[in-house]
Amino acid sequence: MQTKAETTFPDADFQLRELLLDASGAGREKWKRSLSQLSRERINKPLIYVGMGSCGLAAGAEKTLRAVEEYLREHQLDAHLVEGGCVGLCSMEPIVDVQLPGKARLSVGRITAAKVSPLLDEVMNNKLPDAEVLGQYLHPLHQSWPKVPGMDEHPFYRLQNRQLLAHCGLIDPVSLEEYVARGGYHAFSRAIANLTPLQVCQMMENSGLAGRGGGAFPTGKKWMLTLQTSSEQKYMVCNAAESDPGSYMNRAIMESNPHRLIEAVLIAAYATGASKAYVFIRREFTLAVKRLKAALEQAAKWGLTGHHILDSGVNIDIILKESARAFVCGEETALLNSIEGKRAMPASKPPYPATRGLWNQPTSVNNVETLFNVPLIVENGPEWYAGQGSHGSRGTKLFSLSGKTRYQGIIEVPMGISCREILEQLGGGMASDQPFKAILLGINSGSCIVEKTLDTPIAFEALQEIGAALGSGAFVVLDESTCMLDLARYFTRFFKKESCGKCIPCREGTARMLDIIEQAAGRGKADSGLQPLERFKGIMQLRNLARVMQDTSLCALGRSAPHAVLNTLNYFKQEFDSHVFERKCPAGVCRDLRTYFIDVEACTGCMACYRKCPVQAIIGSERQPHFIVQDKCIACGTCFDVCKFNAVRVTSSNDSES
Amino acid sequence: MNTDFNIIVNGRPVGAMADETLLTVLRRNGFRIPTLCHMASFSPTGACRLCVVEVEGLRDLVTSCAHPVEEGMQVHTNTPRVIRARKTLVELLLSNHPDECLYCQRNGNCELQWLAEEMNVKERKYFGPKRPGRPDHSAASVFRDPAKCVLCSRCVRVCEEVQLVAAIDFINRAGDTVVNSAFNKGLNVKECIDCGQCISVCPTAALLDMSHLEKVQAALDQPNQQTQFFISPSALVSLALSSGLKADSNLFPVLSEALKKCGARQVLHLGEACLENIRAEAKHLVESLANKENTPLFSSCCPAWVNYLEAFRPEWLPMLMPGKSPQQLAGAALKASFRGKGDEESYTVALMPCVAKKQEAGRETNIHQGVSEVDAVLSVRELLRMLRSHGIMLERPNGRGPDLEQTTPIPPMALKMGYSSGKAESVATECIRLMQPSMLKNFRFSAPRNPGGRNESRIQLGRQSLGFAWVSGIAAADAYIGGLMASENHGIHYVEVMACPGGCVGGGGHPLGPDANMPAGRKRVCQEMEKLGAEEPAS
């Protein structure tokens with residue numbers, strides 16, 4: 001039995017080296033057969049993939065994997081077992097794929113450890129399992145499963161255009177051989193053999209690729225600037241410190257296909273004339289770090305990094321640098337400071353990193369998703385890329401679809417698709433019967449899509465027209481059970497905590513903003529007559545604060561911090577008003593605005609709540625109905641939890657109605 | 001002045017040069033732009049955002065301190081948007097600033113207070129909790145109150161860029177950010193060399209000198225404490241400048257008079273002690289040359305420099321001149337010669353332009369069997385405060401009045417000790433006096449002609465060539481001496497090192513204020529007084 005996939009082809013090493021050196025791509029035809037073995041199109045024993053991305057692990061994939069191993073051992077089965085990446089449908093994890101020799105690969109969702117044995121019992125005997133079959137990967141060489149739809153017919157995948165995600169979840173992430181067999185590193189070998197750095201930059205410029213980190217700066221222009229700034233040493237930096245709340249695409253694609261990132265970094269370094277490249281990765285991404293490290297070792301072993309790469313005379317070193325665990329590390333100038341070993345604090349721009357960056361040398365800083373596009377553009381040409389997408393925006397965009405939809409996960413959609421399509425088709429509509437409320441499209445960009453703007457296409461200009469921006473890729477769907485004030489409080493607290501402390505508007509502004517929101521959503525000490533006025537004044541000040549923070553903050557963190565508050569003010573003003581004036585939380589979320597009271601009829605006088613109340617706000621004696629003194633009550637809900645007779649009632653307003 | 005091109009500010013063309021920042025151009029042309037973090041000749045940080053202006057075609061407001069000028073740019077410095085932004089920023093700073101102006105040492109001399117006034121802040125609009133951190137009394141010279149810190153990072157930059165030691169930096173994040181030494185240990189750490197440059201640049205009262213005023217006042221109140229004050233020449237100059245007195249030979253008698261009104265028994269100046277220190281260093285240098293010992297030797301009168309060597313360059317300590325600084329020489333001499341009646345004790349107070357002197361006075365080597373050579377050191381700031389609290393104005397009597405006591409004038413050499421290059425010159429002069437007195441008559445100490453040249457001067461004494469160098473600011477000193485150590489034939493025998501930029505005239509104990517030209521002004525006055533001293537030779 002073999003538990004881990006290994007490539008044991010006698011001539012594989014030689015072929016791979018030849019392949020890597022073969023810029024024309026002619027060799028692929030010659031070694032077609034062994035390549036199809038390496039890419040696991042042809043297999044001679046069953047192949048089992050377990051989705052082991054962070055999403056899979058969170059859903060229990062580790063235990064599933066152990067169960068599969070156990071099953072194989074018990075049944076003395078010889079099979080390949082691959083720890084795969086994330087195929088995108090995170091809400092269906094743990095996903096197990098089984099591919100039998102000659103048969104199409106079958107994908108089954110929600111396979112917890114207990115479900116492994118029945119699943120394999122059936123599939124290994126060529127029977128369709130009685131589980132949540134997601135679909136099958138159709139392939140001309142494989143015999144398909146009857147009555148099982150292809151994966152691309154699944155509603156989650158139907159409208160996707162999986163270019164960046166092409167290999168994610170399908171391949172063994174830490175197998176350089178498999179990546180090469182599926183066409184990987186060809187773009188890089190082609191670039192260094194046939195193209196000058198200038199040509200690569202021009203290619204990017206012609207393709208119209210725009211930065212995906214949120215700023216949407218043209219990548220080609222950035223590279224060109226770095227290339228044309230004269231300096232003995234230049235740097236390429238990949239910003240893999242993705243930390244915008246609600247987005248996790250970069251983490252997922254790095255975990256699922258680390259070699260694509262390495263290839264892209266190599267091309268970017270070559271195009272900008274950098275001999276040193278840093279991948280600045282968020283330290284919390286432990287799995288991505290582990291897999292990138294492994295992939296980098298393989299790349300170094302095959303001579304893809306280091307000195308005199310692929311006999312071309314090009315030298316590029318890639319250094320993996322783990323972040324300092326702060327949101328602000330994702331800001332490019334703070335990121336560069338952090339690499340230099342300094343405190344991660346943003347610096348004023350200009351000068352831009354492209355001309356004066358790391359250690360004052362020209363540095364191109366690119367986001368992971370942006371870079372993932374690069375090998376595709378080199379491989380297929382800028383015209384191909386420019387042809388993707390619509391509404392004046394090119395290419396595809398990754399989103400982390402999350403929130404109250406039926407399906408959640410990583411999606412890749414062509415530019416121009418409407419928000420409604422994503423929500424209703426890919427997301428499968430709302431998960432519960434609560435009505436749709438809003439979509440948060442990127443937390444740092446602060447875009448808020450509501451019912452009336454739901455048909456807006458995902459495109460730079462179209463979004464700008466409605467005062468939104470593409471953002472970094474969070475796509476958070478909210479329903480009516482979300483309190484917008486609570487959400488604003490959550491994000492403001494986040495930005496307050498993550499402020500680096502350098503500039504006044506961000507450091508002090510976020511803190512004061514939070515104070516005002518907490519005052520509006522909170523109960524206050526003793527509700528004196530002046531408090532409604534204070535709350536009202538606070539709301540008036542919020543707008544001014546938000547505008548000044550956007551106007552004067554040093555970096556994007558401070559400028560984006562007020563978005564959550566402004567969204568609530570702009571789209572959900574009535575929700576603010578009901579908190580401030582009526583002291584009501586329409587969604588019933590804000591705990592401080594709940595009122596607890598005891599139903600005299602139902603109360604048996606058991607004294608349970610009386611004993612547990614942490615502030616002695618309950619009065620009463622044995623077998624007599626109890627009473628809550630509202631002035632003392634802190635609305636902690638303990639009495640509600642301990643009452644066995646449903647006698648404690650709660651309302652979300654001050655007037656005690658049941 | 002020749003300019004490269006014009007920009008349009010508030011509708012009016014203004015000349016600018018290509019490599020300038022917007023702030024430089026605006027200020028040169030008389031536009032008032034408030035700043036809190038900006039320091040001329042330092043790299044901009046853009047932390048305070050108060051210098052924002054509106055530039056047509058740019059979506060966000062730009063910080064003029066960091067924005068390069070571009071030909072034809074249209075700038076507006078006082079639009080409602082700009083004014084509202086600045087006002088809100090100040091209000092935000094005030095939201096968690098302690099309302100202690102009445103008790104604050106910088107009351108009336110505080111940049112935050114001025115800004116609040118300038119921005120027409122009339123009420124506390126935002127309410128925040130007090131900033132974290134407790135007052136830090138741990139260090140010998142510098143007192144830190146984090147509650148009053150506005151995190152402008154001026155002290156951090158001075159400490160790193162001018163003094164190299166980087167003893168302080170930002171700690172924690174967001175609202176918890178404080179400026180402190182590593183691991184939040186307070187300022188009583190070896191890395192802090194007590195120079196007090198951080199105090200000089202602080203816009204508020206977050207950094208101050210450790211006050212010796214209270215114990216001096218207590219000594220003045222004790223009948224058996226015979227208070228003996230002595231003032232350094234550069235402190236005297238600073239005092240003259242800040243109280244509007246003409247710097248002439250009457251200055252010291254005026255001060256002496258004033259201090260006696262406060263209760264001082266004896267008031268002296270450090271002229272003799274300075275001369276003694278210079279002569280001792282010259283003698284030691286000549287002896288070292290005769291014994292062919294290792295050179296260069298470094299001056300040792302600056303306590304911050306000594307602290308730096310001890311903490312960061314112990315390998316250079318053998319090259320430090322032995323002997324006491326003028327302050328300790330004077331203090332020791334006064335204590336030794338004091339003959340009190342009954343239970344009378346001597347209490348020596350040094351009046352200094354320096355805060356490191358407070359630390360020097362408390363060094364173990366300067367205390368003998370529990371008796372300090374110098375009991376207290378007052379900075380010029382504290383001296384002024386003491387005089388004010390006694391209701392005494394420094395006034396110039398008409399001419400040399402009969403009640404002014406005759407005092408020995410301050411020798412020019414002592415005045416020279418106040419600014420960078422002066423001591424090197426004096427030591428050179430004394431060396432010639434010792435080695436070849438005949439040369440003295442025509443000797444002129446030559447400074448480098450070209451402005452970028454190294455601060456070195458060479459003297460030919462027969463076959464012997466002597467090299468004297470001077471350098472101020474620890475970063476410059478460390479770089480210069482490091483260069484000397486690396487080269488074989490540098491020909492430098494004596495290096496005068498002053499930790500503060502420009503020497504003692506730029507010290508950390510002078511009156512505070514936004515005028516960056518103050519050290520240069522004090523140097524000029526020192527030189528004027530030297531001329532006076534030369535005309536009126538000591539009788």
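The paragraphs below lead through a predicted model, from a sheet in chain A to a surface patch and a set of salt bridges.

Because the model is predicted, local features need pLDDT of at least 70 and side-chain atom pairs count only at pLDDT 80 or more, whereas totals for chains, interfaces and linings use all residues. Residues are numbered from 1 along each chain as its sequence is written, chains are lettered from A and ligands numbered from 1 in the order in which they are written, and side-chain values use heavy atoms, with hydrogens and water left out.

A convenient starting point is the open sheet of chain A, in which five strands follow the order E2-E1-E3-E4-E5 with mixed pairing. Strands here, like helices, are DSSP runs numbered from the N terminus (strands: E, at least two residues; helices: H or I, at least four), and two strands pair if DSSP finds at least two bridges between them. Strand E2 (80–84) and strand E5 (132–137) of chain A stand at the edges with a single partner strand each, so one side of each is left without a neighbour in the sheet. On average, neighbouring strands of this sheet are turned by 20 degrees against each other, direction ignored; axes are lines fitted to C-alpha atoms, for helices over the stretch in contact, and angles run from 0 to 180 degrees between N-to-C directions.

Two helices accompany this sheet. Helix H5 (residues 61–74) of chain A packs on the sheet and touches strand E1 (47–51), E2 and E3 of chain A, its direction making about 160 degrees with that of E1(A), where contact means heavy atoms within 4.5 Å. Helix H6 (residues 113–124) of chain A lies across E1, E3 and E4 of chain A and runs at about 20 degrees to E3(A).

Within the sheet, strand E3 (residues 96–99) and strand E4 (residues 105–109) of chain A run antiparallel and are joined by three bridges. Val96(A) stands opposite Val108(A) in E4(A), and Val98(A) stands opposite Leu106(A). The hairpin of E3(A) and E4(A) has five residues between the strands, and in this hairpin Gly102(A) takes a positive phi near 85 degrees. On to the next strand, five bridges join E4(A) to E5(A), again in an antiparallel arrangement, and Arg105(A) has Tyr137(A) in E5(A) as its bridge partner.

How is E4(A) covered? Five of its five residues are buried, where buried means under 20% relative accessible area, exposed over 50%, and partly exposed in between (1.4 Å probe, protein chains only). Arg105(A), Ser107(A) and Gly109(A) point one way from the strand, while Leu106(A) and Val108(A) point the other way.

The loop between E2 and E3 of chain A holds Gly85(A), which counts as buried at 3% relative accessibility. Gly85(A) and Gly51(A) are 34 residues apart in sequence, yet their C-alpha atoms are 5.3 Å apart in space. When residues up to four places away in sequence are not counted, the contacts of Gly85(A) include Gly51(A), Gly169(A), Ser256(A) and Arg291(A).

Elsewhere on chain A, Leu533(A), Phe536(A), Met540(A) and Phe581(A) form a nonpolar surface patch with about 400 Å² of accessible area together. Patches are made of residues with over 30% relative accessible area and no salt bridge, like charges being joined within 9 Å and nonpolar side chains (Val, Leu, Ile, Met, Phe, Trp, Tyr) within 5 Å; the areas come from the Shrake-Rupley method with a 1.4 Å probe, and for residues only the protein chains shown count as cover. Leu533(A), which lies in helix H22 (residues 531–552) of chain A, is partly exposed at a relative accessible area of 45%.

The last theme is charge pairing: a search of the whole structure finds 61 salt bridges over all chains, each being a side-chain nitrogen of Lys or Arg within 4 Å of a carboxyl oxygen of Asp or Glu. In one of them, Asp311(A) meets Arg17(A) at 3.5 Å, N to O, and this pair links the loop between strand E8 (306–309) and strand E9 (314–322) of chain A with helix H1 (residues 12–21) of chain A, 294 residues apart. Asp311(A) is partly exposed at 49% relative accessibility, as is Arg17(A) at 29%. In chain B, the side chains of Glu91(B) and Lys125(B) meet at 3.7 Å, N to O; Glu91(B) lies in helix H2 (residues 80–95) and Lys125(B) in the loop between helix H3 (111–118) and strand E6 (142–144) of chain B, so the pair ties together parts that are 34 residues apart in sequence. Glu91(B) is buried at 5% relative accessibility, whereas Lys125(B) is partly exposed at 28%.
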